[in-house]
Amino acid sequence: DREKPMNELLAQPAIQAWAAASVVVALKTLLAGVYTSRIRLRKKVFSSAEDYAVQQIDGSPTEDEEVERSRRIHQNDLEAGLPFALVGFVYALTVPSTLAVWICFAGFPLARIGHSICYAKGLMPHRTIFWAIGFFILIWMSIASLVAIPFGA
């Protein structure tokens with residue numbers, strides 16, 4: 001039965017937590033893109049000439065601080081989300097403790113959400129604190145995963 005290994009894998013609590021956290025992080029990244037689009041439409045600040053043509057307004061690509069801030073939020077999500085999904089999967093395979101699962105797979109998405117809110121509102125040092133929480137969770141998972149891999153076994 002080809003489905004049995006997948007079902008066994010998905011039955012593990014750490015894998016379930018990783019999957020849920022990865023989906024939340026991915027959705028948050030997608031919403032950051034929608035946030036940028038909404039700001040562009042509201043302010044009529046677009047990234048290419050054809051966008052102005054479609055909107056039937058005169059203009060050329062310009063920069064706007066609010067648009068650029070939202071783009072940086074999105075870019076930062078892209079930079080953090082992929083490593084989280086990859087490292088998180090390997091970490092989940094190490095069968096971490098329940099506490100570690102909660103810290104990593106609830107903490108990282110919450111830190112990313114907090115980071116984005118603070119970034120959008122220009123709140124410092126809160127933005128950096130949330131970024132650091134997510135970063136150190138990712139570093140922890142990376143080191144713990146490397147230590148747990150049975151190289152040469």
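User: Happy to dig into this one with you! In which helix does Asn76 lie?

Analyst: Good place to start. This is a predicted model, where local features need pLDDT of at least 70, side-chain atom pairs count only at pLDDT 80 or more, and totals for chains, interfaces and linings use all residues. Residues are numbered from 1 along each chain as its sequence is written, and side-chain values use heavy atoms, with hydrogens and water left out. Helices here are DSSP runs (H or I, at least four residues), numbered from the N terminus. By that numbering, Asn76 belongs to helix H4.

User: Is Asn76 buried or exposed?

Analyst: Buried means under 20% relative accessible area, exposed over 50%, and partly exposed in between (1.4 Å probe, protein chains only). Asn76 has 16% relative accessibility, so Asn76 counts as buried.

User: Which residues is Asn76 in contact with, leaving aside its neighbours within four places in sequence?

Analyst: Contact means heavy atoms within 4.5 Å. With those neighbours set aside, the partners of Asn76 are Arg112, His115 and Trp131.

User: Let's follow Trp131. What is the accessible area of the nonpolar surface patch that Trp131 forms with Phe135, Phe136, Ile139, Ile143 and Val147?

Analyst: Trp131 lies in helix H6, residues 126–148, and counts as partly exposed at 35% relative accessibility. A nonpolar patch takes residues with over 30% relative accessible area and no salt bridge (a side-chain nitrogen of Lys or Arg within 4 Å of a carboxyl oxygen of Asp or Glu), joining side chains of Val, Leu, Ile, Met, Phe, Trp or Tyr within 5 Å. Areas come from the Shrake-Rupley method with a 1.4 Å probe, and for residues only the protein chains shown count as cover. Together, the six named residues have an accessible area of about 590 Å².

User: Back in H4, which side chain does a polar contact join to that of Glu66?

Analyst: Glu66 lies in helix H4, residues 65–93, and is in contact with Ile39, Arg42 and Lys43 once its neighbours within four places in sequence are left aside. A polar contact is a pair of N or O atoms within 3.5 Å; within protein, one must be able to donate a hydrogen and the other to accept it, and residues adjacent in sequence count only if both atoms are side-chain atoms. At 2.8 Å, the polar contact joins Glu66 to Arg42.

User: Where is Gln56, which has a positive phi of about 55 degrees?

Analyst: Most residues other than glycine have a negative phi. Gln56 is not a glycine, yet has a positive phi. At 74% relative accessibility, Gln56 counts as exposed. Its place is in the loop between H3 and H4.

Key
Helices (H or I, at least four residues) and strands (E, at least two) are DSSP runs, numbered from the N terminus. Patches are made of residues with over 30% relative accessible area and no salt bridge: like charges are joined within 9 Å, nonpolar side chains (Val, Leu, Ile, Met, Phe, Trp, Tyr) within 5 Å.
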